[in-house]
Amino acid sequence: MFGNYLIGLREGLEASLVVCILIAYLVKTGRRDALLPIWVGIGVAVALALGFGCALTFGSQELTFEAQEALGGSLSIVAVGLVTWMVFWMRRTARHLKAELGAKLDAALQMGTAALVATAFLAVGREGLETALFVWASVRASSDGSHAPLIGVVLGLLTAVALGWLFYKGTVRINLAKFFTWTGAMLVVVAAGVLAYGVHDLQEAEFIGGLRDKAFDISATIPPDSWYGTLLKGVFNFQPDPTVLQVVVWLLYLVPTLLFFFAPTRRTARDKAPAPAKATVPEQG
C-alpha cells in the first residue's frame, strides 16, 4: 500500500504544483479572466487520464489470459520507461518549473482562449496519462485481491491535492528539489519491482522463456500471505520465488538508474545563479 501511496503522492504533487503555478501566476498578474480556460483545460486532462485508466482496467478483462499477461507486461515496461524519464526530468527542472510555465502562459495569453486551454491541458495531461499508466501497472503488480493498492493511490492523490492547496496559500514551504530527489529515488525502487513483474507477465504469456528457472524460492521463510510478505509486496513488489530473468532485469535497472540519478550533474549558468533556499508557489495576491 505504501508503494502505491508514494506513486499517488509523487505523481499527484507534480500535477498539483503545475495547477497551483498556473493559477497563482494569473492571479498575480491580474488576469483572473483567464482562469476559466485554464480550469477547462485541467478538467479535460483529468477526464482523459481517468478515461485512459478505465480503458486499461476494463478493456483488458475481455482478453484471454495470455493476451492479458502480454498486455500487462508490455504496458508495465512502458510505464517504467515513462516514470524513469519523468523522475530524471523533474530532478533537472524542479527549481525552474515556475519560470518555464510562466513563459508558456505568457505566450498563450497573447494567442487567446484556445491556447490557454491547450497550455493547461498539455501541462496537466502528460502527468495524468503517466500517472494512470504507472498506477495501473503498479496496482496490477501489487494487487492481492484487496482494495489496499487503490486506497493507497487515492490517499496519495488526496495528500498531493491538499499539499498543492497549502502551497498555493503560502502555508507550506518545502525544498522541492530535495523532495523530488528523494521521492524520485524511492519511486525508482518501486519501478524496479513493476519492471520485474512486467517481465514475469511476459513469461507467463510465453512471450519470453525462463518461467520455470527460479533464482530462489523463500516462500517458506517469507510466506506471501503473511503480514510481512504482504508489506514487502505492497512496498517493493517483492516476490519470494522470482525467475532468474526477473532478478537480472531488476538489478540491471535498479543499480545503474540509482547511480545515474544520484550522480553529480553539470550545472548550467542558470543553475549556478543564486536561488532561494526554499521553493514555494506564490501566495494568492
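This is a short walk through the structure above, from its annotated spans to a few individual residues. Please keep in mind that the model is predicted.

Let us begin with what a record says. An unreviewed UniProt entry carries the annotation "transmembrane region" for residues 6-27, 34-58, 70-88, 108-126, 146-167, 179-199 and 243-263. How do the first two of these spans look in the model? Residues 6-27 are 100% helix and 0% strand, and the C-alpha atoms at the two ends of that span are 31 Å apart. Residues 34-58 are 96% helix, again with 0% strand, and here the end C-alpha atoms lie 37 Å apart.

The helix H2 covers residues 35-59 and invites a simple check. With 25 residues at 1.5 Å a residue, H2 should span 36 Å. Its end C-alpha atoms are 35 Å apart, which agrees with that expectation. Which residues of H2 are buried? They are Leu-35, Pro-37, Ile-38, Gly-41, Ile-42, Ala-45, Ala-49, Gly-53 and Leu-56.

Next, have a look at the aromatic rings. Two rings count as a pair if their centres lie within 6.5 Å, and by this rule the model has two aromatic pairs. One of them joins Phe-88 and Phe-261: the ring centres are 5.5 Å apart and the planes stand at 90°, so the pair is edge-to-face. Phe-88 sits in helix H3 (residues 65-93) and Phe-261 in helix H9 (residues 244-262), so this pair ties together parts that are 173 residues apart in sequence. The two partners differ in their surroundings: Phe-88 is partly exposed, with a relative accessible area of 25%, whereas Phe-261 is buried at 0%.

Phe-261 also takes part in the other pair, with Phe-262 as its partner. Here the ring centres are 5.3 Å apart and the planes are at 80°, so this pair too is edge-to-face. Phe-262 has a relative accessibility of 40% and therefore counts as partly exposed. Put together, Phe-88, Phe-261 and Phe-262 form one aromatic cluster.

For a last stop, leave the helices and find Glu-206, in the loop between helix H7 (176-204) and helix H8 (227-236). What marks out the backbone of Glu-206? Its phi is near 60°, a positive value in a residue other than glycine. Is Glu-206 buried or exposed? With a relative accessible area of 70%, Glu-206 is exposed, since the cut-off for that class is over 50%.

Technical notes: Residues are numbered from 1 along each chain as its sequence is written. This is a predicted model: local features need pLDDT of at least 70, side-chain atom pairs count only at pLDDT 80 or more; totals for chains, interfaces and linings use all residues. Side-chain values use heavy atoms; hydrogens and water are left out. UniProt positions are given in the numbering used here, feature names are shortened, and annotations may be inferred rather than shown by experiment. Helices (H or I, at least four residues) and strands (E, at least two) are DSSP runs, numbered from the N terminus. The expected span of a helix is 1.5 Å times one less than its number of residues. Buried means under 20% relative accessible area, exposed over 50%, partly exposed in between (1.4 Å probe, protein chains only). Rings of Phe, Tyr and Trp (its six-membered ring) pair if their centres lie within 6.5 Å; planes under 30 degrees apart count as stacked, over 60 as edge-to-face and the rest as tilted.
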